[in-house]
Amino acid sequence: MGDTHGESGARTRCQTAPVTPSAGRTIDLNADLGEGFGVWKLGDDDALLGVVTSANVACGFHAGDPSTMRRVCAGAVAGGVAIGAQVSYRDLAGFGRRFIEVAPAELTDDVLYQLAALDGVARASGGHVGYLKPHGALYNAVVTHEAQAKAVVAAVTAYDPGLPVLGLPGSVLLRKAEAAGLRTVSEGFADRGYTPGGTLVPRHSAGALVHDARSVAERAVRMAADGVVVAVDGTTVDVAVDSVCVHGDTPGAVELARGVRTALEHAGLQVGPFAG
C-alpha cells in the first residue's frame, strides 16, 4: 500500500521547520483503498470511505482490478472523498513491495497508464483523480532515486500539470515535482515507526508498525498540530505534514482511522481533503 510500504524516509530534523500549532487548521486523512484483486479482498474499503477524506486507490499494477476501481471510485464520489491514483511498479505478485530497476521512460509510461486508467474510471463514476501518490517500493525508491522520481513527475506533468503529488517531506520526488511547477503535499504516517533520521523503519524491523490505537491517534495529532513525531529511540523528529496516512491493510485499520479522525477533531483541527 502506499507506503508507504516505503522503508526509508526523506529528511532529518534539521531540514524542515515544525508546523505551527493552529486551531482550525485543515489536515487531510488518507488511506490506501481498492487493494483487493478479483475474488481476493484486502481491507474494508466501504468502512474506510466513511472515515478518511482522501482515498489512495490502487490502479491495477500492485493490486486492484477494473471492477474494484470502479466500486471504490463510486463510493468515494458518493461520500465526498478525494480520489488519488496510487501508482506502483508492475508487480502484482509482490504487491508492489519489490524494487524494480525499470528504465525511466518505461516507468513514466507505466505511471501515465495507471493514472489515466483510474481517472477514466473515476470520471465514469462522476468524479476525477485529484492527486497522485506512489505505492510501496516505488514510494520508497523516489525518496532518494533521482531518475525514478523524475520519471514519476514526467508522467504527472504530461497528464495534468495541475495534479498535486503526495509524498514524504523532503523527498527527491517532492523536490522534483516542485521544480516542475507541480503542487506538492507532504504526509506523515500515524501507524508507522520513524527512525531518528526521519525515515520510516523498514517493515521487517522491530518498531516498524504501531498497533496501539491510542498511540496512533496521539502520533497523528502531534504530526498535524505540532509537526513532530517520536522516533523509535525516543528522540523527536520534525515532520511538517498536511496529510496523515493510516494504512488500509493494517489489522484494525477502520478503528485506527476512526480514532485518528476523532483525535484530530478534538485537537481543534479541521479534517478535510487537500485536493478538489
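Here are a few notes on this predicted model, going through a strand pair, a helix pair and one aspartate.

1. Start with the strands. S3 covers residues 82–87 and runs parallel to S4, with five bridges holding the pairing in the assignment. If you want a register marker, use Gln 86, which sits opposite Lys 133 of S4.

2. S4 itself, residues 129–134, is mostly covered: six of its six residues count as buried. Lys 133, the partner of Gln 86, belongs to this strand.

3. Now add the helix. Together with H3 (residues 104–124), S3 and S4 form a β-α-β unit, and its hand is right-handed.

4. Further along the chain, have a look at H7 (residues 213–226) and H8 (residues 253–266). Their axes come within 8 Å and cross at roughly 45°. An angle between 35 and 65 degrees counts as oblique, so that is the label for H7 and H8. The hand of this crossing is right-handed.

5. Who makes the contacts there? On the H7 side you'll find Ala 213, Val 216, Ala 217, Ala 220, Val 221 and Ala 224; on the H8 side they meet Leu 256, Gly 259, Val 260, Ala 263 and Leu 264.

6. Last one: is Asp 45 buried or exposed? This residue of H1 (residues 45–49) has a relative accessible area of 7%, and since the cut-off for buried is under 20%, Asp 45 is buried. Leaving aside residues up to four places away in sequence, Asp 45 touches Leu 33, Gly 34, Arg 71 and Val 72.

Note on methods
Residues numbered from 1 in each chain as written. Predicted model: local features only at pLDDT ≥ 70, side-chain atom pairs only at ≥ 80, totals over all residues. Heavy atoms only, no water. Buried < 20%, exposed > 50% of the residue type's maximum accessible area, 1.4 Å probe, protein only. Helix = DSSP H or I, 4+ residues; strand = E, 2+ residues; numbered from the N terminus. Pairing = 2+ DSSP bridges. Right-handed = clockwise from strand over helix to strand, strands pointing away. Axes fitted to C-alpha atoms, helices over the stretch in contact; angles between N-to-C directions. Parallel < 35°, antiparallel > 145°, perpendicular 65-115°, else oblique. Left-handed = near helix turned anticlockwise from the far one by under 90°. Contact = heavy atoms within 4.5 Å.
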